[in-house]
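Here is a walk through one structure, piece by piece. Keep the viewer open as you read.

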Number of protein chains: 2
Amino acid sequence: MNLKKSPEEGKMLLGMVLFNGFQLLDVFGPLDVFGFLSDRVEIVLIGENGIEAKSSAGPVVKLNCSFSKIPDLDILMIPGGAGSRREVSNITFLKMVRSAAEATPHVASICTGAAILAKTGILDGKRATTNKRAYQWATSQSNQVHWIFEARWVEDGKFFTSSGVSAGIDMAYALVSKIFGNDLAVSIALRAEYIWKNEPNIDPFAKEMI
Amino acid sequence: MNLKKSPEEGKMLLGMVLFNGFQLLDVFGPLDVFGFLSDRVEIVLIGENGIEAKSSAGPVVKLNCSFSKIPDLDILMIPGGAGSRREVSNITFLKMVRSAAEATPHVASICTGAAILAKTGILDGKRATTNKRAYQWATSQSNQVHWIFEARWVEDGKFFTSSGVSAGIDMAYALVSKIFGNDLAVSIALRAEYIWKNEPNIDPFAKEMI
């Protein structure tokens with residue numbers, strides 16, 4: 001199955017990788033932003049069993065495909081959440097994430113999703129950031145990453161990594177801006193009545209933790 | 001079935017009412033805030049068929065109960081989204097929302113969820129707000145509501161109504177502050193790395209639309 005289509009030919013495919021214990025806003029903050037682009041972007045939810053995944057807060061979402069049936073993606077996203085602490089030891093999961101991240105033109109993590117990406121080794125030599133409250137644990141997943149403590153999000157080549165939970169929304173707008181242009185990102189933020197913090201280096205929560 | 005427990009005895013029960021075409025962030029923004037209180041608040045997703053509901057962006061979530069089996073709630077939330085335009089004509093849905101809203105101590109709407117609440121008549125005589133882009137349509141659901149255009153959210157007695165999409169998160173923190181105290185709301189925002197816009201009367205998007 002190859003669902004990949006260029007933006008010119010049709011819709012881009014955004015795959016969000018889920019696992020039990022994912023953080024709701026890590027997933028649905030960014031997906032709500034891309035949801036305003038349903039004429040251009042199709043969303044698929046990917047998880048190990050291909051059936052469903054339970055968030056740390058309780059709600060359960062249905063998955064569109066399992067690890068064995070991932071279509072070619074244009075955008076790959078990895079959320080964080082309490083379950084990420086288990087998934088950094090899940091070899092099957094890490095192999096799938098690594099393989100999908102290698103093949104996908106845009107790769108983004110939210111919160112401790114960066115710990116998962118880092119553990120695959122694919123961020124080695126790259127600049128990246130992650131959640132401030134779980135910083136020590138998340139950054140310990142690879143000492144080959146140039147971790148940046150004070151950042152709302154970090155862009156390095158095709159990789160976008162964002163700070164804790166809510167920062168993923170700001171990063172998602174930056175990714176929309178990169179792919180589709182800043183005017184569209186600004187217009188979506190207006191429709192969503194969202195105050196976009198669009199300076200990646202301004203991070204009030206880094207200062208809170210010092 | 002009576003799952004209602006006072007906060008002193010156990011967990012409060014938060015019911016989010018879903019329908020096909022709900023807006024992802026309307027639902028999962030506020031639920032992520034309350035998800036940090038999983039030791040105090042249990043979340044149930046309620047919908048007409050009791051099985052699942054599909055968001056306007058695509059992702060499908062599983063429901064915990066149908067309209068015929070709603071437990072006693074402490075907090076009721078009504079999201080908006082494209083589907084709300086259909087649901088204001090769904091008599092079964094409106095009766096359920098009205099009945100649950102009458103019985104629940106804290107009632108909140110996000111975005112065009114206020115149109116649904118207004119259509120039930122339960123907001124008549126109350127102050128309320130809603131989405132700026134759908135303002136004319138939403139406010140036309142009842143001319144007995146004191147609609148307030150410029151507000152991030154409005155609190156009137158047990159009713160909280162918020163502006164478009166993202167405003168629901170700010171309102172959710174205000175509801176946490178009312179129920180559990182401001183210190184807890186502030187500490188959750190810090191953990192979520194969320195910049196809480198905690199002034200209900202400051203609404204940059206009202207100015208954008210003038």
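## Two helices in chain B

Y173(B), V176(B), S177(B) and F180(B) in α6(B) meet a set of residues in α7(B), namely N182(B), L184(B), A185(B), I188(B) and A189(B). Sort that contact by class and you get seven nonpolar residues, two polar ones and no charged ones. Bear in mind that this is a predicted model.

As for geometry, helix α6 of chain B spans residues 167-180 and helix α7 of chain B spans residues 182-191. The two pack at an angle of about 145°, and their axes are 7 Å apart.

## The sheet next door

Now for the strands. Chain B has an open sheet of six strands, in the order β2-β1-β5-β6-β10-β9, with mixed pairing. At the edges sit β2 (41-47) and β9 (153-156) of chain B, each of which pairs on one side only. From one strand to the next, the twist averages 15°. As a reminder, strands of a sheet pair through backbone hydrogen bonds, either parallel or antiparallel.

Take β9(B) and strand β10 (residues 159-162) of chain B: they pair in the antiparallel sense, over four bridges. Look for W153(B) there, whose bridge partner in β10(B) is S162(B). Helix α6(B) comes back into the picture here, since α6(B) lies across β6 (106-109), β9 and β10 of chain B. Its direction is about 160° to β10(B).

## How the two chains relate

How do you lay chain B on chain A? A turn of 180° with a shift of 0.0 Å along the axis does it, at an RMSD of 0.0 Å. The two copies are therefore related as by a two-fold rotation axis.

Which residue of chain B comes closest to the rotation axis? That's V61(B), with its C-alpha at 2.1 Å. On the contact itself, 100% of the interface residues of chain B are also interface residues in chain A, so the copies meet through the same surface.

## Core and a covered helix

The largest nonpolar core holds 141 residues, and M16(A), L18(A), M16(B) and L18(B) touch the most other members. Leaving out residues up to four places away in sequence, L18(A) touches V27(A), L45(A), I46(A), G47(A), A53(A), V61(A) and L63(A).

Over in chain A, helix α4 (residues 113-120) is mostly covered, with eight of its eight residues buried. Among the buried ones are I116(A), L117(A) and also K119(A). Right after α4(A) comes G121(A), which has a positive phi, near 90°.

Note on methods:
Residues are numbered from 1 along each chain as its sequence is written. Chains are lettered from A and ligands numbered from 1 in the order in which they are written. This is a predicted model: local features need pLDDT of at least 70, side-chain atom pairs count only at pLDDT 80 or more; totals for chains, interfaces and linings use all residues. A nonpolar core is a set of buried Ala, Val, Leu, Ile, Met, Phe, Trp, Tyr and Cys residues joined through C-beta atoms within 7 Å. A residue is buried if 20 or more other C-beta atoms lie within 10 Å of its own, exposed if 12 or fewer, and partly exposed in between; C-beta atoms are placed from the backbone. Two residues are in contact if their C-beta atoms, placed from the backbone, lie within 7 Å. Axes are lines fitted to C-alpha atoms, for helices over the stretch in contact, and angles run from 0 to 180 degrees between N-to-C directions. Ala, Val, Leu, Ile, Met, Phe, Trp, Tyr, Cys and Pro count as nonpolar, Asp, Glu, Lys and Arg as charged, and the others, Gly among them, as polar. Two strands pair if DSSP finds at least two bridges between them. Copies are superposed by least squares on the C-alpha atoms of residues with pLDDT of at least 70 in both.
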